[in-house]
Amino acid sequence: MKKITLVILSVIIVLSLAACGKGADKAIGTWYSTKDTLTIKENNKYTSAWLTSGLEWNYSKDGNTYTFISPYGSTYAFEYIDTGNQKTLYYESSTSDLTRIYYDNKEQADKVKEEQEAAAQEEKKEQEEKAATEATNALVGTWAWEWGNYDRTITFNSDNTYVGTVVGMESGKYEIVDSKNVMIERSTGEKYNQPITITKNDSTYKLKFGILNLVKK
């Protein structure tokens with residue numbers, strides 16, 4: 001009976017130790033970033049589209065630091081962080097501004113990705129609006145043919161009207177669509193989109209207006 005009891009106790013101890021060993025390495029499993037999936041295995045192997053191109057490769061562990069070795073010889077040291085509410089693997093390059101964060105659940109990674117995309121779209125919108133405002137301010141004024149024929153002009157007024165001596169641009173209205181396009185409405189009522197490019201060289205503004213090369217007077 002004692003022998004049976006000892007055997008059972010031994011089995012329980014072994015299983016307990018095995019369970020403790022497994023639980024101690026909390027990074028084992030699949031992690032998600034906004035661009036990649038990282039799978040850490042118990043045999044010091046891992047896979048990642050970013051780090052290994054999907055191949056199974058080696059990693060080492062020192063405390064909460066996991067150093068992943070790529071098939072190309074590079075190493076990436078990730079810090080395991082558990083705030084209580086969120087578990088992450090965090091990498092920060094010592095030679096560039098590259099950072100990468102993996103989350104322990106896909107929902108969090110997707111949420112962060114959506115927030116980043118929304119922020120990028122908002123920044124893009126602000127930049128486009130700023131560029132359109134700059135184009136509007138730069139366009140107002142009188143423009144003449146760049147190659148010396150200064151009697152051919154187009155004047156864009158601040159009230160969104162224009163007058164000119166260039167054929168087809170005698171009078172009408174205009175509206176800046178964005179920094180690269182202006183909507184022209186001729187006095188006849190005809191409307192069309194005109195691509196533009198405004199550049200500045202020192203104190204001289206130049207306007208590419210369709211086939212016309214103009215300079216600001």
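The paragraphs below go through this predicted model from the whole chain to its strand pairings, one residue and the largest pocket.

The chain has 217 residues, and 28% of them are buried. Its secondary structure consists of three helices and 16 strands. Among the contacts with a separation of 6 or more, 30% link residues that are 24 or more positions apart. The accessible surface amounts to about 14,000 Å², and carbon and sulfur atoms account for 52% of that area.

Two sets of strand pairings can be followed in the model. In one of them, strand β7, residues 87-92, pairs with β8 in the antiparallel sense through five bridges. The two strands make a hairpin, and six residues lie between them. Within this pairing, Y90 has I101 of β8 as its bridge partner.

The other set involves β9, which covers residues 141-145 and is joined by four bridges to β10, residues 153-156, in an antiparallel arrangement. Strand β9 also runs antiparallel to β16, residues 212-216, with three bridges between them. W143 takes part in both pairings of β9: I154 stands opposite W143 in β10, while K216 is the bridge partner of W143 in β16. As a general point, side chains in a regular strand alternate between the two faces of the sheet.

Strand β3 spans residues 45-48 and includes T47. Is T47 buried or exposed? The relative accessibility of T47 is 18%, and the cut-off for buried is under 20%, so T47 counts as buried. Apart from neighbours within four places in sequence, the contacts of T47 are T37, L38, T39, T52, G54, L55 and E56.

The last stop is the open space in the model. In general, a probe the size of a water molecule, rolled over the atoms, shows where empty space is left. The largest pocket has a volume of about 230 Å³. Which residues line the largest pocket? The lining is made up of T34, K35, L98, T99, R100, I101, Y103, V112, K113 and Q116. By class, four of these residues are nonpolar, three are polar and three are charged.

Two elements, β8 (99-103) and α3 (106-139), each contribute at least two residues to this lining. The element that gives the most is β8, with four residues. The lining also leads back to the hairpin: I101 is one of the residues that line the largest pocket, and I101 is the residue of β8 that bridges to Y90.

Conventions
Residues numbered from 1 in each chain as written. Predicted model: local features only at pLDDT ≥ 70, side-chain atom pairs only at ≥ 80, totals over all residues. Heavy atoms only, no water. 1 Å grid on protein atoms, 1.4 Å probe; cavity = no way out; pocket = protein on both sides within 12 Å on 5 of 7 lines; lining within 4 Å. Points joined across faces, edges and corners; volume = space filled by probe spheres on them. Nonpolar A, V, L, I, M, F, W, Y, C, P; charged D, E, K, R; others polar. Buried < 20%, exposed > 50% of the residue type's maximum accessible area, 1.4 Å probe, protein only. Contact = heavy atoms within 4.5 Å. Pairing = 2+ DSSP bridges. Areas by Shrake-Rupley, 256 points an atom, 1.4 Å probe, with all protein chains shown as cover.
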